[in-house]
Amino acid sequence: MWSFFSRDPTKDFSYEISPEKVPGLDDKSIWTLHKGKKKGSGDPVSVFAFDVKGSSESQVQIAKASLKRIKTLRHPNILTFLDGIETDKVIYFATEPVTPLETYIRECSSEGSTNELAISWGLHQVVKGLSFLINDCNLIHNNVCISSIFVDSAGEWKLGGVDYMYPASGQDSTPPVKILPMLEKYDPPEKVDLRKGMMAKKWSSDMWGVGCLIWEVFNGPLPQTSSLKAFGKIPKSLVPNYCELVKC
């Protein structure tokens, strides 16, 4: 099971990788997620893998930029980068062991252990991570949804999915194109204005994403943007805040 990737040119990578994909990112990420372990010690990690050979040039550039970005971000509510490697065939980076939020919630629901307090705390952690990015780093995450959030072994929520991040100001402060069609439904209404160079509050895009995340946490994956108008299972106590986020 663990030797599958040992035949490729990443022998200098410090981690062994399981070939089996961890579910939760399908069609929403250019990366696949795998369980891994540190060579020698056997300490568990998560490994994000990208197939360079099987991807378009635009996808490759996004993956390379994402790797550079995640290396530089250090915050308790952002995925902890451990190590990475880039070759002409694959790009890997290892993090603390995590589970995609969608998978985590599904497993908790099946065990009857999901509770509103834990979800509220998780959402608070995501907002703290976004606050660091926006206020301290002047960066827009631009990809806040259930597939960009991960949960560590202690149940702490971590912000990942930094593939489409961009500066909040300056000459590069235009949202990059999300090349996966499944992500288009998370675009805020003002994105058209941003592409035209019109100013918007730097919080607006990611706060819309938080609204989408709230909807998905309680109702499952978002089918389409218009679904945000229906509250579904969102608790009544959260509805006023939710409405502010998605302007419903």
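## A tour by selection

Start by selecting asparagine 77, which sits in the loop between α1 (57–72) and β4. Helices (H or I, at least four residues) and strands (E, at least two) are DSSP runs, numbered from the N terminus. Before going on, note that this is a predicted model, where local features need pLDDT of at least 70, side-chain atom pairs count only at pLDDT 80 or more, and totals for chains, interfaces and linings use all residues. Residues are numbered from 1 along each chain as its sequence is written, and side-chain values use heavy atoms, with hydrogens and water left out.

Is asparagine 77 buried or exposed? Asparagine 77 counts as buried, because its relative accessibility is 6%; buried means under 20% relative accessible area, exposed over 50%, and partly exposed in between (1.4 Å probe, protein chains only). Now show what surrounds asparagine 77: leaving aside neighbours within four places in sequence, its contacts are Gln125, Lys128, Gly129, Trp157, Lys158 and Leu159. Contact means heavy atoms within 4.5 Å.

**Next stop: the sheet with β9**

Select β6 (98–100) and β9 (157–159), the edge strands of their sheet, each pairing on one side only. The sheet is open, has 3 strands in the order β6-β8-β9, and its pairing is antiparallel. Two strands pair if DSSP finds at least two bridges between them. From one strand to the next, the twist averages 40°. Add β8 (residues 149–152), which pairs with β9 in the antiparallel sense over 3 bridges. Click on isoleucine 149 and you will find its bridge partner, leucine 159, in β9.

**Then the helices**

Bring in α3, which lies across β8 and β9 and runs at about 25° to β9. Now add α5 (residues 204–219): its axis and that of α3 (residues 116–136) come within 11 Å and cross at roughly 160°. Axes are lines fitted to C-alpha atoms, for helices over the stretch in contact, and angles run from 0 to 180 degrees between N-to-C directions. The crossing angle therefore makes α3 roughly antiparallel to α5 (under 35 degrees counts as roughly parallel, over 145 as roughly antiparallel, 65 to 115 as roughly perpendicular and the rest as oblique).

Which residues make the contact between α3 and α5? On α3, select Ile119, Leu123, Val126, Val127, Leu130 and Ile134; on α5, select Asp206, Met207, Val210, Leu213, Ile214, Val217 and Phe218.

**Last stop: the sheet with β1**

Select β1 (15–21) and β2 (32–38), and find valine 22 in the loop between them. Valine 22 counts as buried, because its relative accessibility is 16%. Not counting residues up to four places away in sequence, valine 22 touches Leu33, His34, Lys35 and Pro100. Try a distance between C-alpha atoms too: valine 22 and phenylalanine 48, 26 residues apart along the chain, are separated by 9.9 Å.

Widen the view to the open sheet of 5 strands, ordered β1-β2-β3-β5-β4 with antiparallel pairing. Its edge strands are β1 and β4 (81–86), each pairing on one side only, and the twist averages 25° from one strand to the next. β1 and β2 pair over 4 bridges in the antiparallel sense, with lysine 21 opposite histidine 34 in β2. β2 also pairs with β3 (residues 44–51), antiparallel over 6 bridges, and there lysine 37 stands opposite proline 44. Finish at glycine 40, which takes a positive phi near 95° in the hairpin of β2 and β3, where 5 residues lie between the strands.
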